[in-house]
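Student: I'm new to this structure and would love a close look at one part of it. Could you walk me through the sheet and what surrounds it?

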Amino acid sequence: MIPLFFLFSLAAPHGWQEPSPIDELKPTTEQVVATALRTLKSRKLDWFAKEYALYDLINAGPLGQESLVLHLGKEIKKLESEHWRNRTTLEKSFKKAAMRLAHKRLDKKGARQLETARRTLLDASRDKNLTKTMVQDVCDPAVERILEILQITVPQVLNTDEDLAAQLAGLEETLEVHCWLYDYWMDAHKSLLRTKGKWQTRAEKRTAPANPKDHQIKLNSSLEILAFEAEIMPARDKATLKTNSALFEQLKPEEGKGVRNLNLLRIRTGIGALRVDVKLCTASRGHSQDMVEQGFFAHESPVDGKQTPSDRAGLAGTSGGAENIAAGMDSGIGAIQAWWYSPGHHRNMMGNHGRTGLGRFENHWTQMFGK
């Protein structure tokens, strides 16, 4: 017979339930975090095979989230360093390949073809009897041939070198992982900021890593710049483009784009870039505004002191003669394109000038030229 006191000692506490086999097998938060971290540190798995571990840490509460922030912070730093190291190597190789392509295009045969295309274009562009049909049938094909010889694009450079293309693909693949881990870091950090106590305090003191999503945009832009810089053109024109670029800060963005578009056309056709005259831009913009507000569309203005292009240029503190006007375009390049197919305006753009100004007001455009 079992003593009564022993029976009482075996009685279960009030409300206590015998643990089920499932509860006994369920890992603790600490165990989940430790297992996930071991997986993340494994060198046998790639990052996409580790996604379940990232997910486990995100859902393991503050302990898992902070562990994820700390671990990914180190990994993201490594990826950032790797990106810039590989990008520098890629850009050097790309620059050399672009320059090789540019010089290959301008061998003796290419140089002769370029000269022929330029002569054909300019003979038509400066013909007093120029028509829109001539621009379409003669000038456009000549420009296309000139671009085939001179213009260097990113895809063209990559197509010349399989190793270079593979290098870029590898960089982009690594960048994809970089962006993916950055998103996980941000999610974990935001979760910690919504907690209270030590977790929140520590999270508030941490600085987020640089957003790698900008890297792809900057990489593409860098390669486009390198491709353009490889294009063969006179040093004088390169200097003019550089000087103009600094002055574009004083213009509306689309005005600068329109000026650059015309200058690239002039450089490639061999007649040289025009210098930006900010005062001519001011005079042009003023005339565009007058046309909108005064309700007219003409080179002769009803505004006192601004009747002629010369008057308007003088009022702005400079000099100018030839002038183009247009309406209905949303971009500077659109205005240049419209003038290209209008014989009189076309001849102005391809004329013997030294300076230019482009001014926009709403969808009205004025372009002025000076010696």
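**The sheet and its neighbours**

Tutor: Let's begin with one pair of residues: Arg355 has Gly370, in β4, as its bridge partner. This is a predicted model, in which local features need pLDDT of at least 70 and side-chain atom pairs pLDDT 80 or more, while totals for chains, interfaces and linings use all residues. Residues are numbered from 1 along each chain as its sequence is written, and side-chain values use heavy atoms, without hydrogens or water.

Strands β3 (residues 355-361) and β4 (residues 364-370) run antiparallel, joined by seven bridges. Here strands are DSSP runs of E with at least two residues, helices are runs of H or I with at least four, and both are numbered from the N terminus; strands pair if DSSP finds at least two bridges between them. The whole sheet is open, with four strands in the order β1-β3-β4-β2 and mixed pairing. At its edges, β1 (275-276) and β2 (323-327) each pair on one side only.

Helix α13 (residues 253-268) packs on this sheet and touches β1, β3 and β4, where contact means heavy atoms within 4.5 Å. The direction of α13 makes about 145 degrees with that of β3; such angles run from 0 to 180 degrees between N-to-C directions, using axes fitted to C-alpha atoms, for helices over the stretch in contact. Helix α16 (residues 332-340) lies across β2, β3 and β4, at about 70 degrees to β4.

Finally, Glu323 forms a salt bridge with Arg312, with the closest N and O atoms 2.9 Å apart (a side-chain nitrogen of Lys or Arg within 4 Å of a carboxyl oxygen of Asp or Glu). Because Glu323 lies in strand β2 and Arg312 in helix α15, the pair ties together parts 11 residues apart in sequence.
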